[in-house]
Structures are given as C-alpha cells and as structure tokens.
Amino acid sequence: MLKAAAGLFKRQGYAATTLRQIADDAGIQAGSVYYHFESKDRILAEILDVGIDLVHMAVLERLNALPADATGRERFAAAVEGHLTGLLQHEEYTSAAIRVYGQLPAGLRRPNQNRRRKYSALWDQLLIEADERGEIRPRADLHLTRLIVLGAINWTVEWFDPDQGALSATVDQMVSILSDGVFKPAEQTKGRTTRKPKAAKSAAV
C-alpha cells in the first residue's frame, strides 16, 4: 500500500491523490486502508520517513565500511555513493518524498523535519571534519556546499536512466564532479590555447 501511495504521490502530487486511488492501486478495499492508517496524512508521513531513512542508512553503511584513517575526500565519496545508490534503488519512496515535500504546508512537513535535520547534520559533520584537516578549499561555504551537493544528487531521480548507463558509472562521475569540480585549477590552464571544435564534415550528396 505504501508503494502504491508513493507512486501516486510521485505521479500526480499529494493533493490530487485520494485514498480510493491508493486502495485501487494496492489491490485492496478502500475501507482496508483505515486498518493501517487513519488518514492520507499518515500515509504521507510514513513515506517521507521511509524515503529519508533508506538514504540515511545507505550512507551510513558505506561510511562504516571505510577504514578509520579514511580521508575526508574518501568519506565524502562514500557518502555521495550511498546517497545516490539509496536514492535510486528505492526510487518509489525517495522520488515521492523529494517531489511532494515542497508542495506540502508546514504542518505536514513538520513531522519529517527531525529526520531531515539528523541527515543534514551527518553531511555537515563530514564537511567540517574535512575542513578541519585542511582538505576543503579555503573559501568554500560548508552550509552552501551541503545544499548544492544534496540538491544535485537528489535531482538524479528526474534524469537517471539505467538503460543509458550503469549506476556505478553515474556514481563515479558524480563523485568526481562534486569532489574535484568541472574545471582544472587556473595554474594548469594559463597560457594554453582554447581547443577549437572540429569542423563538421559536409554531408555526402
């Protein structure tokens, strides 16, 4: 039933989803929904909790597998991998949680906020520890960094297609781009000419 509800919330939003639709998609009688949940709000609350918990657990699993002397970059990479993997392997719940959360009034978001704070605190701690070891760029705003990183990873639910490439390849690219950036350091590019795109060949007539 939760999976059916998550799918409906993801596709058509929270407000447009009815308990009868949830029951129909789950293959149960409409009245049976109330045996498990007293309202649609309670179903939503459970989906939001499950969505964040699955990702949180995936990140902790990968961090706990690292050696004690792992660098900040290694821990960051493990956290990115865990978040992305948890997000996509449990896409029914995580995607619904991401898409619906911003549509909700404060009263419906509030029960899930404590979990979100704990998860954000985990990332804050990773970045703070790396910064204290001198591994973070001096001018990087750690709070903004966390928001950018999590926002970028969360957006993969909108575009990732397993038919276009393996998850592991996406993980590797995401880790590389988020850890190292897109551009080479300025000192490595000074004095170099810009590569010109190759001229397109004329089509044969």
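Patches are made of residues with over 30% relative accessible area and no salt bridge, nonpolar side chains being joined within 5 Å. In the predicted model described here, Leu144, Leu147 and Ile148 form a nonpolar patch of this kind on the surface, and together they present about 280 Å² of accessible area. Leu144 belongs to helix α8. Because its relative accessibility is 46%, Leu144 counts as partly exposed.

The chain as a whole contains 10 helices and 0 strands, so that its elements, read along the sequence, follow the pattern α-α-α-α-α-α-α-α-α-α. Of its 205 residues, 35% are buried. The chain exposes about 13100 Å², of which carbon and sulfur atoms supply 52%. Among contacts between residues at least 6 apart in sequence, 68% join residues at least 24 apart.

In soluble globular proteins, nonpolar side chains tend to be buried together. In the present model, the largest nonpolar core comprises 26 residues, and the members that touch the most others are Leu63, Val80, Tyr119, Trp123 and Ile153. Helices α4 (40-64), α5 (72-89), α7 (106-132), α8 (142-154) and α10 (167-180) each contribute at least two residues to this core. The largest share, 8 residues, is provided by α5. The surroundings of one of these core residues can be described individually. With neighbours within four places in sequence set aside, Ile153 is in contact with Val80, His83, Leu84, Leu87, Trp123, Met174 and Leu178. Another core, of 22 residues, lies apart from the largest one; its members include Leu8, Ile43, Leu44 and Ile47.

Helix α6 spans residues 91-101, and its buried residues are Tyr93, Thr94, Ser95, Ala96, Ala97, Val100 and Tyr101. The cover over these buried positions of α6 includes α1 (2-12), α4, α5, α7 and α9 (156-159). Helices α4, α5 and α7 thus appear both in this cover and among the contributors to the largest nonpolar core.

Helix α4 also carries a charged residue, Asp49. Because its relative accessibility is 16%, and buried means under 20%, Asp49 counts as buried. Residues up to four places away in sequence not being counted, Asp49 touches Pro111, Asn112 and Arg115. By the accessibility criterion, Asp49 is therefore classed as buried, whereas Leu144 in the surface patch is classed as partly exposed.

Conventions:
Residues numbered from 1 in each chain as written. Predicted model: local features only at pLDDT ≥ 70, side-chain atom pairs only at ≥ 80, totals over all residues. Heavy atoms only, no water. Core = buried A, V, L, I, M, F, W, Y, C linked by side-chain atoms within 4.5 Å. Buried < 20%, exposed > 50% of the residue type's maximum accessible area, 1.4 Å probe, protein only. Helix = DSSP H or I, 4+ residues; strand = E, 2+ residues; numbered from the N terminus. Contact = heavy atoms within 4.5 Å. Patch = residues over 30% accessible without salt bridge, like charges linked within 9 Å, V, L, I, M, F, W, Y side chains within 5 Å. Areas by Shrake-Rupley, 256 points an atom, 1.4 Å probe, with all protein chains shown as cover. Salt bridge = Lys/Arg side-chain N within 4 Å of Asp/Glu carboxyl O.
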